[in-house]
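Biologist: I would like to go through this protein with you step by step, from the whole fold down to single residues. Could you show me the sequence and the structure before we begin?

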Amino acid sequence: MIELPDFGAARVVQSALKPSKRDFDSLDQLTIVVPKDVTAAQLRALPQGAQLAALHARAKSKDEMVLTSRMSTSHATRVIAAALPVKDSFGTLTWARKLIAQSLQENPVRLGLMTSGLTGADRERALRALVAAALAAALDMPTFKSDKKHKSPKLRSLHVFGAPVVLEDLRAQALGNDIARWLTALPPNILTAAAYREAATQLGKAHSLTAEFLGEKKLETLGAGAFLAVAQGNEQRDAGILRLKYRPGKETRPEVALVGKGIIFDTGGTNLKPFKGMLDMHTDMQGSAVALGTGIALAELEVPFAFDVWMAITENRISGRAYKSQDVVTAANGTTIQVIHTDAEGRMVLADTLALAAREEPKLIIDYATLTGSCVGALTERYTGVFSNRASAYPVLTKAGADSGERVWPFPMDDDFDESLRSDVADIKQCSPEGSGDHILAARFLSRFVPRKIPWIHLDLSAGQHKEGLAHIPTEITGFGVRYTLELLQKQAGSPRELIERLAASGR
Ligand code: BES
Ligand code: ZN
Ligand code: ZN
């Protein structure tokens with residue numbers, strides 16, 4: 001059993017007033033966002049204003065100005081005044097991550113946030129980015145160091161001063177993202193398939209999601225030969241597909257299905273990966289963790305629609321039992337697959353999971369997967385690749401990325417790409433023996449397991465890992481997708497139904 005931390009433990013407290021002397025003294029750090037053209041007089045009116053004004057006079061560049069002051073005599077409250085740059089969502093979140101890193105340098109337990117001289121949209125933009133970044137930074141990633149003494153104190157509460165801003169959605173989002181990042185960071189001998197299933201079940205239960213596990217036996221009766229081909233190489237018989245259901249009303253059918261790739265460790269299988277390529281492959285379950293985190297965030301927000309989370313959980317190992325090139329297997333929708341390369345296991349397990357999710361006739365399917373190296377090759381680790389069987393939906397999909405700061409970029413998936421997947425012995429080849437455009441071919445392959453009539457969005461999570469973090473996220477593992485999906489379902493469209501209507505109206 002994995003001992004789960006108290007996710008989302010950092011509190012957010014808003015108070016409509018400016019910080020009183022008492023408030024100020026109770027904080028360990030106060031971070032104040034000011035306009036770029038702030039004057040010395042304006043700075044002087046702030047806590048520790050004289051010091052800030054003096055620092056301001058000496059500051060070389062006022063553009064990305066950060067002034068740090070500390071009263072040497074009184075309580076150790078440190079004050080940072082920083083200028084808000086003009087930036088898009090990604091840029092604002094990146095600025096917020098860096099400013100929060102500076103704000104947390106001395107390990108404050110109570111962090112105050114306010115603005116001075118900013119109004120309306122700018123104030124909201126600054127505070128929402130800082131709160132998102134601070135909540136993300138408050139997560140303790142798993143560590144297994146035996147020396148616990150040197151653990152520094154952790155941020156426990158955020159105090160936001162001044163006119164209230166909407167922050168509840170950010171708490172739900174941070175919870176979902178934390179869960180995704182934390183699970184993804186676990187060592188693969190700790191996050192075994194059985195342990196993962198249990199942890200996800202437990203987390204789901206705490207947020208009113210009910211679990212159903214389809215183990216290998218059950219999957220055999222369902223004809224899920226593509227998933228089982230990958231799982232057959234495992235030492236333990238603990239692989240399977242976990243389904244979590246959220247049913248807020250009388251509705252029994254899911255409106256949305258969130259599907260994720262959950263490869264506990266990807267060795268490449270019989271076509272073994274080299275050392276460098278295999279090193280980080282414990283993170284190959286991130287797609288399923290993002291699906292889970294998104295589901296938990298939606299449940300936390302008490303969305304009124306029913307949804308399912310589907311997690312395809314197995315290892316991809318070498319063994320005498322492992323699948324191999326030229327095997328032919330049959331997936332749950334009857335499609336026969338000619339295996340080409342055992343390292344293309346993600347599309348195999350997703351094929352059956354998508355087919356099973358589609359049987360429940362959801363109105364929309366979104367899947368998340370660290371599916372291809374070629375998507376990283378095409379976009380780097382800064383953007384995630386997006387695909388859909390409703391190509392004219394690409395503008396709204398891209399806009400959700402730009403607006404949320406979790407940036408996605410669309411790829412084509414016209415029918416003629418299938419020529420590269422044509423098989424002489426089966427309905428389709430798993431992948432092309434030639435390397436180019438594998439992210440596109442992988443998406444084309446997956447499309448064979450999603451009925452045309454169901455709008456489907458596929459995210460190839462090339463931005464799942466980025467050194468030194470990405471946007472507001474300070475860790476290498478980014479949990480990319482939770483924030484994006486909330487933006488897409490709740491902000492861009494208002495509800496899944498509206499998104500689905502837009503997708504339906506857009507035809508192919
Ligand atoms: N999990 C990998 C893809 C991956 C690698 C994602 C690194 C992110 C970072 C996937 O299972 C894989 O190995 N794909 C192969 C496919 C190929 C054999 C057709 C790849 O990309 O090399
Ligand atoms: Zn692989
Ligand atoms: Zn993989």
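Modeller: Please keep in mind throughout that this is a predicted model. We might begin with a helix near the end of the chain, α17, whose buried residues are covered by elements that include β9 (256–266), β13 (364–369), α14 (394–404), β17 and α16.

Biologist: Which residues of helix α17 are buried, and on what part of the helix do they lie?

Modeller: Helix α17 takes in residues 496–505, and its buried residues are Pro-496, Leu-499, Ile-500 and Leu-503. They cover an arc of only 100° around the axis, which means that they share the same side of α17. Glu-501 and Ala-505, by contrast, are exposed on the other side of the helix. The four names you asked for are therefore Pro-496, Leu-499, Ile-500 and Leu-503, and their place is the same side of α17.

Biologist: What covers the buried residues of helix α3?

Modeller: In α3, which runs over residues 49–58, the buried residues are Gly-49, Leu-52, Ala-53 and His-56. Seen down the helix axis they fall within an arc of 100°, so they line one face of the helix. The face turned away from this buried side carries the exposed residues Ala-50 and Arg-58. As for the cover over the buried residues, it includes α2 (40–44), β3 (66–70) and β4 (78–83).

Biologist: Is Leu-244 buried or exposed?

Modeller: Leu-244 belongs to strand β8, which is made of residues 240–246. Leaving aside residues up to four places away in sequence, Leu-244 touches several others, among them Ala-200, Leu-209, Leu-292, Phe-307 and Met-311. A residue counts as buried when its relative accessible area is under 20%. Because the relative accessibility of Leu-244 is 0%, this residue counts as buried.

Biologist: How far apart in space are Leu-244 and Thr-201?

Modeller: Thr-201 is also one of the residues that Leu-244 touches. In sequence the two are 43 residues apart, whereas in space, going from C-alpha to C-alpha, the separation is 7.6 Å.

Biologist: What is the phi of Glu-302, and why might one look at it twice?

Modeller: Most residues other than glycine have a negative phi, so a positive value invites a second look. Glu-302 is found in the loop between α11 (286–300) and β10 (307–316), and its relative accessible area of 64% makes it exposed. Its phi is positive although Glu-302 is not a glycine, with a value near 50°.

Biologist: Where does Glu-468 lie, and what is its phi?

Modeller: Glu-468 sits in the loop between β17 (456–460) and α16 (482–492). Its relative accessibility is 67%, so Glu-468 counts as exposed. Although Glu-468 is not a glycine, its phi is positive, at about 65°.

Biologist: Stepping back to the whole protein, what is its radius of gyration, and does this value agree or disagree with a compact globule?

Modeller: The protein is built from 17 helices and 17 strands, and its C-alpha trace spans about 80 × 55 × 45 Å along the principal axes. Of its 508 residues, 58% count as buried. A compact globule with 508 residues would have a radius of gyration near 23 Å, so the protein agrees with that expectation, its own value being 24 Å.

Key. Residues numbered from 1 in each chain as written. Chains lettered and ligands numbered in written order. Predicted model: local features only at pLDDT ≥ 70, side-chain atom pairs only at ≥ 80, totals over all residues. Heavy atoms only, no water. Helix = DSSP H or I, 4+ residues; strand = E, 2+ residues; numbered from the N terminus. Rg over C-alpha atoms; globule rule 2.2 N^0.38 Å. Buried < 20%, exposed > 50% of the residue type's maximum accessible area, 1.4 Å probe, protein only. Arc of directions from axis to C-beta. Contact = heavy atoms within 4.5 Å.
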